[in-house]
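Trainee: I should like to study a single part of this chain closely. Could you please take me through one helix and its surroundings in detail?

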Amino acid sequence: MTERVIIVIQPTAENALYCHLVKGQALFTKSAEDKKLDRVLLPLIDHVLKQKKVSASSIYAIGLAQSPMSLASQRLAVSVVNSLGWAWGVKTFVFTGVVSLESIQKSVKKSKKGFLKAEYSSAPRIGSGVRR
């Protein structure tokens, strides 16, 4: 049986981007820094998947870690998570809290297949939205 893989992306206000990957009982983290998230987000995810030899068929869920970030970064990150979740046919989720193996697995258990919805009325907020 193939190990279920979970991906969490975490952009930050400090122009850093983290890609966390849970494979079995191991948590791997890779980071990149760039003021333009659109230049590094997909290449970073691709790099992590290739480095850990993960195929699309073994991905179980993809999520977005809630952290302080610009509105543009939030919109891009939500779009990427929703697009990859739809393309891979996997769960999408919002992750809050300290990144750890247990906390990510707990967030995924509570999630359902569907799309993340970003709310921009005042301070940007990410929450679960439309479900498939």
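Mentor: Read along the sequence, the chain follows the pattern β-β-β-α-β-α-β-α-β-β. That order contains three helices and seven strands. Please keep in mind that this is a predicted model. The mean pLDDT of the chain is 82, and 86% of its residues reach 70 or more. Confidence varies among the elements: strand 4 has the highest mean pLDDT, at 92, whereas strand 7 (residues 125-131) has the lowest, at 55. Where pLDDT is low, the predicted coordinates should not be read in detail.

Let us take helix 1 as the part to examine. Helix 1 covers residues 37-51, which makes 15 residues. From its first C-alpha to its last it reaches 21 Å, close to the 21 Å expected at 1.5 Å a residue. The buried residues of helix 1 are L37, V40, L41, L44, I45, V48 and L49. Viewed down the helix axis, these buried residues fall within an arc of 155 degrees, so they line one face of helix 1. The spacing follows from a general rule: an α-helix has 3.6 residues a turn, so residues three or four places apart point the same way. On the face turned away from the buried side, helix 1 carries the exposed residues D38, R39 and K50. After helix 1 comes K53, whose phi is positive, near 55 degrees.

What lies against the buried face? The cover over the buried residues of helix 1 includes strand 1, strand 2, strand 3, strand 4 and helix 2 (71-88). V48, a residue of helix 1, offers a particular example. Its relative accessible area is 3%; a residue counts as buried under 20%, and V48 is therefore buried. Leaving aside residues up to four places away in sequence, V48 touches C19, L21 and K30. The C-alpha atoms of V48 and I7 are separated by 9.5 Å, and the two residues are 41 residues apart along the chain.

Strand 4, which is among the elements covering helix 1, deserves a look of its own. G63 is found in strand 4, and at 0% relative accessibility G63 counts as buried. Apart from residues up to four places away in sequence, G63 touches I7, V8, I9, V81 and F93. Between G63 and F93 the C-alpha distance is 4.5 Å, although they are 30 residues apart in sequence.

Helix 3 (residues 101-110) makes a useful companion to helix 1. The buried residues of helix 3 are L101, I104, S107 and V108. They cover an arc of only 135 degrees around the axis, which puts them on the same side of helix 3. The face turned away from that side carries the exposed residues E102, K106, K109 and K110. The buried residues of helix 3 pack against strand 1 (5-11), strand 2 (16-23), strand 3 (26-33), strand 4 (59-65) and strand 5 (91-95).

Finally, consider the chain as a whole. Of its 132 residues, 42% count as buried. Among contacts between residues at least 6 apart in sequence, 57% join residues at least 24 apart. As a last detail of the side chains, R4 lies over the face of Y60, at 3.7 Å from the ring centre.

How values were computed. Residues numbered from 1 in each chain as written. Predicted model: local features only at pLDDT ≥ 70, side-chain atom pairs only at ≥ 80, totals over all residues. Heavy atoms only, no water. Buried < 20%, exposed > 50% of the residue type's maximum accessible area, 1.4 Å probe, protein only. Helix = DSSP H or I, 4+ residues; strand = E, 2+ residues; numbered from the N terminus. Arc of directions from axis to C-beta. Contact = heavy atoms within 4.5 Å. Expected span 1.5 Å × (residues − 1). Lys NZ or Arg CZ within 6 Å of the ring centre and 35° of its normal. pLDDT = per-residue confidence, 0-100.
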